[in-house]
Each structure stands twice: as C-alpha cells, then as structure tokens.
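Visitor: I am new to this structure, and I would like to know how its parts get their descriptions. Could you show it to me first?

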Amino acid sequence: MQIHNNTLIAECSAYDFKEMLERKKVKSWLKSVSAFANTDGGSLFYGVNDDGVIVGLENPQADADFISEMIKARLDPVPEVQLIPIEHEGHTLLEVKVKAGTLTPYYYYQDGTRTAYVRVGNESVECNSQQLLSLVLKGTHMTWDSLPTQVDASKHSFIILANTFREQTHQEWNDKYLESFGLVTPDGKLTNAGLLFVDNCTVFQSRIFCTRWTGLYKDDAISSVEHRANLVLLLKYGMDFIKNYTMSGWVKMPNYRLNLPDYSDRAIFEGLVNHLIHRDYTVMGGEVHIDIYDDRVELVSPGAMLDGTQIQDRDIYKVPSMRRNPVIADVFTQLDYMEKRGSGLRKMRELTEKLPNFQQGKEPQYQTEATSFYTTFYNLNWGENGRIPVEEVANRVNSTLEKYPVNEEGSEKKYPVNGNSTLEKYPVNRNINKPVGRTAQRIIDMVISNPMITREKMADELGISLDGVKKQIKNLRERGILTHEGSDKSGYWRIIVNPQTEQ
C-alpha cells in the first residue's frame with residue numbers, strides 16, 4: 001500500500017475502499033471481512049473513496065468501536081482482525097486488516113441465515129456449494145482426496161496401479177503402499193483417492209472428453225471419445241488420443257534425422273498430469289477436456305487456482321506449490337510422473353522451448369476463469385496461413401531437406417566453431433561425417449520427444465545396457481550433435497542444430 005498525491009494505491013484483489021462506515025447496511029462491508037478471512041486475507045480502508053482519494057473520517061475511534069462490535073456479533077467464527085489508524089496530511093483513515101483464517105468457513109450471520117463469502121478479483125461473492133465444501137475441508141485441515149469412504153478396500157484390486165509402479169520405478173510393489181500412499185485407511189476403507197485408482201473405478205467425475213475438431217474452432221468434430229476409468233488409465237488414454245491426432249515432420253541433417261514435432265510430447269504429458277492432479281473433484285459432472293485444433297491443443301479442467309488468484313496475472317516462475325489433492329499428487333510422484341516441487345508450469349514452457357523448431361510467442365499459455373483452468377499448447381509447425389511447409393521449418397532451424405555431401409573438409413571446417421563450443425570441448429573424431437547408427441538415431445528421437453529423459457530410461461526403451469547408452473551418448477557429444485544442461489537428474493538434453501550458434 002502506497003500513498004501518492006493524496007491517493008491510496010493498492011492491489012484491488014487484496015483491498016477494498018470505503019468512503020465512510022455504513023452503519024445501517026453492515027452486510028455491505030462485513031461480507032468483505034468474511035471473504036478476506038476465507039481467502040488470502042486483505043484490508044478495508046475507511047476514509048478513502050472509490051477512486052482511492054483520501055477523504056478521511058470524522059470520528060475514527062467511534063467507527064473502530066462499531067466495526068469491532070459488528071465483527072464479533074455478525075461473523076462466526078470471529079476472524080483475526082487488526083484496526084490500524086493512519087494519519088495523512090490532516091486526514092485520518094482506518095485500515096481494517098483481516099488475516100487469512102484457518103477455521104474456515106467464516107460466515108456472515110443475520111436473521112437466522114449463515115452465508116460465507118470468498119474473494120474473486122476485486123469482489124466479495126457468495127460461496128457456491130463447491131467453494132463452501134472446500135472451505136469446510138480447509139477448516140478441518142482435510143482435503144477431499146484424503147477423506148475416507150465406507151467402501152471396503154478388500155473388494156477392489158489395484159493391479160493396474162501395481163503394474164505401472166513396477167514399470168515406472170523398477171521396484172517391486174507391496175500392498176502396504178496402499179495405506180502409506182493414503183489410498184486405504186488403517187481400518188481397510190478406501191479414501192476418495194483410493195476410489196480414483198482402483199481397477200474398476202466408478203467415480204462419475206473421473207472422466208476425460210477427447211475431441212479433434214475440424215479447423216480452428218469448435219465446429220465439426222473429426223473424432224470424439226469419452227473415457228471413464230481410473231487416473232492411471234485416463235492419463236494413458238488422453239496421451240494416446242493426442243499422439244494419434246498430432247503430427248511430426250522431419251528434416252535431413254548432415255548425418256542424422258531431425259524430428260520437428262508439432263508439440264513437445266513431454267510438455268503435454270506434464271500438462272495432462274497437472275490437470276488430473278489439481279482439478280476439483282468435488283464438481284459433480286465435471287471432467288477434463290482435451291480439445292485438439294489445427295493450431296493448438298487445449299486442456300481444460302474444473303477448478304480455478306486454489307488461492308483464488310488468476311494464473312494469467314501471475315509470474316509462473318514464482319507460483320508456490322499449493323495442492324488441492326495432495327494424496328493424488330503423491331501417488332503420481334511415486335509413479336515418477338511428476339516432481340514433488342511445484343514446477344509443472346515452468347517445466348512445460350522449458351520443454352517446449354527445447355524443441356528445435358520452437359518460435360518465440362508459442363510458449364504454453366495458462367488461464368483461469370471462475371471455475372476452470374486452461375492450458376494451451378501451440379502448434380510449432382503452424383503459421384498464419386496454415387501448416388508451414390517443412391522446407392520453411394528447415395530453413396528456420398538452419399537446415400535443408402537436401403542430403404549434405406560428405407567431403408574431405410569435414411564438419412569442423414564446414415561449420416566453424418569458437419573456443420567454447422561443444423565441438424572443441426569434445427574433439428572431432430574421424431567418423432564425424434558418417435551417418436549415425438540406428439541406436440544413436442533412436443537416442444536423438446528420444447531426446448527431442450523428452451529432453452528430461454534419463455540414461456536409465458533410454459537403456460530400458462532401447463533394451464541395451466546402461467554402459468551401451470553412455471557410449472552412444474559420448475559419441476553423439478563428441479560429434480557435436482548432443483549436449484546436456486544441468487544435473488543428470490534434473491537437467492535437459494538438447495540437440496545442437498547449428499554448431500555455429502553453440503556458445
């Protein structure tokens with residue numbers, strides 16, 4: 001909060017201005033106290049008009065006493081509030097600072113009715129049923145996915161989850177994990193999260209709707225399918241649908257093939273995981289939607305930001321990790337589908353930017369509305385006039401569709417490099433002009449598809465030893481084709497398209 005030229009400058013989502021204290025219509029301001037307490041806190045400033053101009057109060061002490069009395073009489077439970085007088089150029093304002101509460105929901109009480117409010121943008125609005133349920137869970141320090149049901153776990157199986165765990169982690173499954181993961185209670189009942197992971201999941205809202213639209217808008221559909229299953233299968237079905245209806249071009253490099261996919265598979269995978277984990281499962285009739293257009297893929301799920309903010313107004317590199325469904329998130333972490341730290345939004349952008357045909361302005365975009373979260377991935381091979389010819393894409397990545405002739409100069413002379421380049425760090429060997437082998441080409445394809453892939457995962461998919469993978473990688477790095485940024489566990493692989501630009 002700042003004062004400039006007798007004007008109070010404040011963020012509208014966290015502050016309300018009141019020119020005077022309304023004593024007959026106390027609901028007009030008490031609902032803001034309820035909303036601040038139920039959301040992230042905030043302040044009401046009395047003695048400030050709607051334009052932020054300071055006009056002052058005639059009797060701030062009497063106003064403070066009345067505010068304190070009404071909060072105690074009309075709000076239940078009573079939120080933590082500070083009354084702070086502020087003197088400025090002969091005017092006295094009063095700040096009513098409301099702390100974000102832990103005993104939610106905070107109700108406004110009048111004539112036998114109780115109403116809870118939340119903050120949406122610069123307004124205090126009445127809670128809907130889903131918001132009220134979320135506040136009740138928050139006040140009891142519970143989450144929807146951790147709540148126990150009356151369903152006996154012994155009547156259900158987790159074969160799909162167990163097999164996926166073995167495949168992803170290379171560890172043996174133990175049924176004791178069901179309780180430690182929070183899927184089964186100590187007395188043998190399924191939690192809500194457990195219901196979402198059983199083989200025969202019957203949770204109505206555990207669904208995805210997949211549609212490939214004709215053109216750029218929702219008009220005619222080329223294909224449309226609905227899946228209702230447990231979360232492990234929903235992730236698989238969603239990714240299969242996206243891969244079936246997106247494309248990947250390629251271009252011939254001097255000694256290998258360079259794939260030019262429409263999208264980063266791994267970035268979309270991260271996005272779909274994000275929507276399955278963080279969606280609001282209390283919304284009956286809600287589901288995750290996958291909409292594929294010519295120029296973009298959109299993922300939509302019920303549930304806005306947990307803290308009530310708009311993601312489009314936030315710096316995604318500074319958004320803290322807040323999990324609506326921590327049990328579901330932990331299971332996906334155990335399956336190695338996501339990391340524990342909240343880096344999903346950032347990672348989607350970084351993965352997209354690693355693609356050789358990436359262009360500025362085509363980063364994934366995020367948007368929230370009142371009850372929905374949107375993630376949009378843009379087709380990197382699509383322009384204003386439709387699909388970009390592969391020749392143009394090739395030119396953009398400093399390549400060509402023609403086969404490069406092998407000559408005596410070698411690539412080191414054809415592509416001059418500076419002293420800090422990868423080619424100098426890894427000396428050129430005599431086989432630099434020879435085409436890469438089949439295994440090396442598969443490694444290149446894997447890296448483009450998933451720059452986060454580990455050497456161990458490469459070995460699994462290739463069916464060769466880890467030492468064999470390391471040998472192939474060493475050769476690709478010596479030839480100036482492949483490089484790595486960051487640590488082995490959290491870094492990214494990258495294909496060097498043009499050695500001239502490698503610094």
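**Strands and helices, term by term**

Guide: Let's start with one pair: R212 has S223 of strand 14 as its bridge partner. This is a predicted model, where local features need pLDDT of at least 70, side-chain atom pairs count only at pLDDT 80 or more, and totals for chains, interfaces and linings use all residues. Residues are numbered from 1 along each chain as its sequence is written, and side-chain values use heavy atoms, without hydrogens and water.

Visitor: How do you know that strand 13 and strand 14 pair?

Guide: Strands pair if DSSP finds at least two bridges between them. Seven bridges join strand 13 (residues 207-213) to strand 14, and the two run antiparallel, so they meet the definition. Strands here are DSSP runs of E with at least two residues, and helices are runs of H or I with at least four, numbered from the N terminus.

Visitor: What makes strand 14 an edge strand?

Guide: The open sheet has the order 14-13-17-18-20-19, with mixed pairing. Strand 14 (221-228) and strand 19 (365-368) each pair on one side only.

Visitor: Why are helix 8 and helix 10 called roughly antiparallel?

Guide: Helix 8 (residues 265-278) and helix 10 pack at about 160°, with axes 8 Å apart. Axes are lines fitted to C-alpha atoms, for helices over the stretch in contact (heavy atoms within 4.5 Å), and angles run from 0 to 180 degrees between N-to-C directions. Angles under 35 degrees count as roughly parallel, over 145 as roughly antiparallel, 65 to 115 as roughly perpendicular and the rest as oblique. Helix 8 and helix 10 are therefore roughly antiparallel.
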